[in-house]
Amino acid sequence: MFNFILFGPPGSGKGTQSVKIAEKYNLAHISTGDIFRKNIREKTELGIKVQSIIEKGELVPDELLIEILENAMDQYKEKKGFVFDGFPRTKQQAEDMDVMLEKRNESVSLVLALEVNDDVIIARLLKRAELEGRKDDTKDVIENRINVYNNQTQPLIDFYKDKNKFASVNGIGSIDEIFNNICTVIEQNI
Ligand code: AMP
């Protein structure tokens, strides 16, 4: 199985690119953010628990994540692997993921980061706020999400570099240009 993590700050284009990657390589796309938003819309117990955390741009507690991820993975039996979008976001989650995958005789295949600087991210997210009306796309919350990313998620780059699983591509350009660059890296690793 190809277990691919698309990594990067909020607004780096992970969601858009993940859908394209999943389609091209017959992988299941798992976005923890999408799972949370669906639960919030449907007012499930989980949705009610996480709503205010997400609206502030904070991270949902680690202990809730791995079960959600495993349940999502269990829904796909016919795929050749997964594109993980928005997971892991902390070192604890990355470690939990390794344990969970090992139980399945699997491991992380590749972590690919989309590199985009803060100015571009803020501009993109503010534009998305106008188009999609996501509650966590206001200026204050965006700034908090970027801080949370820098403090809690970015350190994972070294975690995966140490395992020789890390690569990056420029996340600025047209959707197709970026996609082609991602595919080149995937094809060297798949
Ligand atoms: P995203 O759509 O990936 O930007 O996620 C939206 C929000 O969902 C994040 O700002 C977090 O509040 C929450 N979230 C998504 N994935 C995770 C995760 N792996 N760990 C903790 N919180 C998450």
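Trainee: Which element gives the most to the shell around the ligand?
Mentor: α2 does, with four residues. Keep in mind that this is a predicted model.

Trainee: What makes a residue part of that shell?
Mentor: One of its heavy atoms must lie within 4 Å of the ligand. There are 16 residues around the ligand, and Thr32, Arg37, Glu58, Gly86 and Gln93 come nearest. The shell divides into six nonpolar, four polar and six charged residues.

Trainee: Why is the pair between Thr32 and the ligand called a polar contact?
Mentor: An N or O atom in the side chain of Thr32 is 2.8 Å from a nitrogen atom of the ligand. The cut-off for a pair of N or O atoms is 3.5 Å, so the pair counts.

Trainee: What places Val60 and Arg134 under that heading?
Mentor: A polar backbone atom of Val60 is 3.1 Å from a nitrogen atom of the ligand. For Arg134, a polar side-chain atom lies 3.4 Å from an oxygen atom of the ligand. Both pairs are within 3.5 Å, so both count. The protein covers 95% of the 480 Å² of accessible area that the ligand has on its own.

Trainee: Where does the ligand sit, and what justifies the word?
Mentor: The ligand sits in the largest pocket, which means that more than half of its atoms lie within 2 Å of the pocket's grid points.

Trainee: What lines the largest pocket?
Mentor: Its lining has 50 residues, and among these Gly11, Lys14, Arg128, Arg134 and Arg145 lie nearest the centre. The helix α6 gives the most, seven residues. By class, the lining has 20 nonpolar, 17 polar and 13 charged residues. The space in this pocket is about 1,100 Å³.

Key: Residues numbered from 1 in each chain as written. Predicted model: local features only at pLDDT ≥ 70, side-chain atom pairs only at ≥ 80, totals over all residues. Heavy atoms only, no water. 1 Å grid on protein atoms, 1.4 Å probe; cavity = no way out; pocket = protein on both sides within 12 Å on 5 of 7 lines; lining within 4 Å. Points joined across faces, edges and corners; volume = space filled by probe spheres on them. Helix = DSSP H or I, 4+ residues; strand = E, 2+ residues; numbered from the N terminus. Nonpolar A, V, L, I, M, F, W, Y, C, P; charged D, E, K, R; others polar. Polar contact = N/O pair within 3.5 Å; in protein donor to acceptor, adjacent residues only side chain to side chain. Areas by Shrake-Rupley, 256 points an atom, 1.4 Å probe, with all protein chains shown as cover.
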